[in-house]
Amino acid sequence: MISYGKQSIDQSNIDAVVDVLNGDWLTQGPAVETFENDLKSYFDAKNVCAVANGTAALHLTGLALGWQTGDIVITSPITFLATVNCIVYAGATPDFVDIDPVTYTIDPNKVEEKIKAYKSKGKKVKAVIGIDYAGHPCDWQALREIADKYKLQLVNDNCHALGASYNADKQYAVKYADVVIQSYHPVKLITTGEGGAILTNDSKIDEKVRCLRTHSMTQDPNQLEKNDGPWYYEMHEVGYNYRITDFQCALGSSQLKKLDHYVQKRLEIAKKYDESFSSVDSLKIPEAHNLVDHVYHLYPLQIDFNKLSLTKTAFFEKMKQMGINLQVHYIPVHLQPFYKRNHGFKPGDYPIAEKFYDQVVSIPLYPSLTDVEIEKVVTDITKFVESK
Ligand SMILES: Cc1ncc(COP(=O)(O)O)c(C=O)c1O
């Protein structure tokens, strides 16, 4: 079965993990700091805090940015649940704006319209979370201008876009957003098994997330109410255990060395798909804005199922029979029962996202996909669609 995504692990990754397993530290050792430093240099971030997963990174971001009850945080409905859930974790109120129909990322014009609509009711938006969906960076210039104009916080959920460029700059993420979060889940661009990180040029935010990562325990003499001795620590607010292990970080550092190579492989596969599918009626290939170098974490192919008188379910089943396991990214988050019930969202609220969901399918794309497998995906999809 060909899956839609898969990790790439080679002997050098295995050796890196085994080295740590043979050493003195399994967790909270030097490999964590090394991975953080490696991420700092690759992404040109002043601070990086590695954590247990991308969801933990989002959770701590909301807390460090001080989100609380009554704060409004805007994001896109085309994302994984965790991007929105982190707003709820902080007790703040999630709201959405629709996606751009070409890039599938949050539409900055609609962000501004929504901020103005809140303003006219005397309400202020606290933050915006953009998602570099599928590996295509958002319109960060426009989002930064809006953030500066309305004095709000800007977060980049960068989980899909490690190695992508914006304005020919691979290190764009921390330049535009106040906080950037990443995930290193196995289907992502690089993996640590489970893992994530918070990248920021703001040292105060970094200090805060570092403290929250380990139960908010502090031994900082400037913060202690008293000091009973060298064992003594205090907790001034509730924190979490969101630490990542040393062996995961060793895997992360060795994977990061190969990120550019993985991206190159993804681009080669995406190019083959583009060439094969662009001329097939009823299929729409993903496009990249001219300021952007896409990294194709996903290849969201849109299929006009209505025109083909075909259901997405039937298409999925047929492809499964042929040995191809597809996925859909994503079910628009505002349509999740939790968000409908608790926040009043309903079908029709974000029509571009909803139409995108009706048509989108993530087809297999990962660095170790072979030419034979790529050819099979192309032939099976094309033949089936053209037979309709
Ligand atoms: C866009 C996006 N945000 C957040 C997450 C959460 O990351 P993790 O699975 O590491 O918790 C994911 C991962 O699936 C994601 O794709």
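## Tyr330 and the ligand

A polar side-chain atom of Tyr330 lies 3.1 Å from an oxygen atom of the ligand. The model is a predicted one. Taken alone, the ligand exposes 390 Å². The protein buries 92% of that area.

Tyr330 belongs to a loop. On one side of this loop is helix H11 (312-321), and on the other is helix H12 (337-343). The peptide bond that joins His329 and Tyr330 is cis. Its omega is about 5 degrees. Most peptide bonds are trans.

## Other polar side chains at the ligand

Two further side chains place a polar atom by a ligand oxygen. For Ser183 the distance is 2.7 Å. For Lys188 the distance is 2.9 Å.

Ser183 and Lys188 are also among the residues that come nearest to the ligand. Gly54, Thr55 and Asp157 complete that group.

## The pocket and its shell

Where does the ligand sit? It occupies the largest pocket. There are 14 residues around the ligand. Of the shell residues, four are nonpolar, eight are polar and two are charged.

Which helix gives the largest share of the shell? That is helix H3, which spans residues 54-64. Helix H3 supplies three residues.

## A three-stranded sheet

Away from the topic of the ligand, there is a sheet to trace. Three strands form this open sheet, in the order S11-S13-S14. The pairing is antiparallel. Strand S11 (283-284) and strand S14 (360-362) each have a single partner strand, so one side of each is left without a neighbour in the sheet. These two strands stand at the edges.

Strand S13 covers residues 300-303. S13 pairs with S14 over three bridges, in the antiparallel sense. Gln302 stands opposite Val360 of S14.

## A positive phi at Asn167

Most residues other than glycine have a negative phi. Asn167 has a positive phi, near 55 degrees. Asn167 is found in the loop between strand S6 (165-166) and helix H7 (173-176).

Methods:
Residues are numbered from 1 along each chain as its sequence is written. This is a predicted model: local features need pLDDT of at least 70, side-chain atom pairs count only at pLDDT 80 or more; totals for chains, interfaces and linings use all residues. Side-chain values use heavy atoms; hydrogens and water are left out. A residue is near a molecule or strand if one of its heavy atoms lies within 4 Å of it. A polar contact is a pair of N or O atoms within 3.5 Å; within protein, one must be able to donate a hydrogen and the other to accept it, and residues adjacent in sequence count only if both atoms are side-chain atoms. Accessible areas come from the Shrake-Rupley method with a 1.4 Å probe; for residues, only the protein chains shown count as cover. On a 1 Å grid over the protein atoms alone, a cavity is a set of points where a 1.4 Å probe fits but cannot get out, and a pocket is an open set with protein on both sides within 12 Å along at least five of seven lines; lining residues have an atom within 4 Å of a point. A molecule sits in a cavity or pocket if more than half of its atoms lie within 2 Å of its grid points. Helices (H or I, at least four residues) and strands (E, at least two) are DSSP runs, numbered from the N terminus. Ala, Val, Leu, Ile, Met, Phe, Trp, Tyr, Cys and Pro count as nonpolar, Asp, Glu, Lys and Arg as charged, and the others, Gly among them, as polar. Two strands pair if DSSP finds at least two bridges between them.
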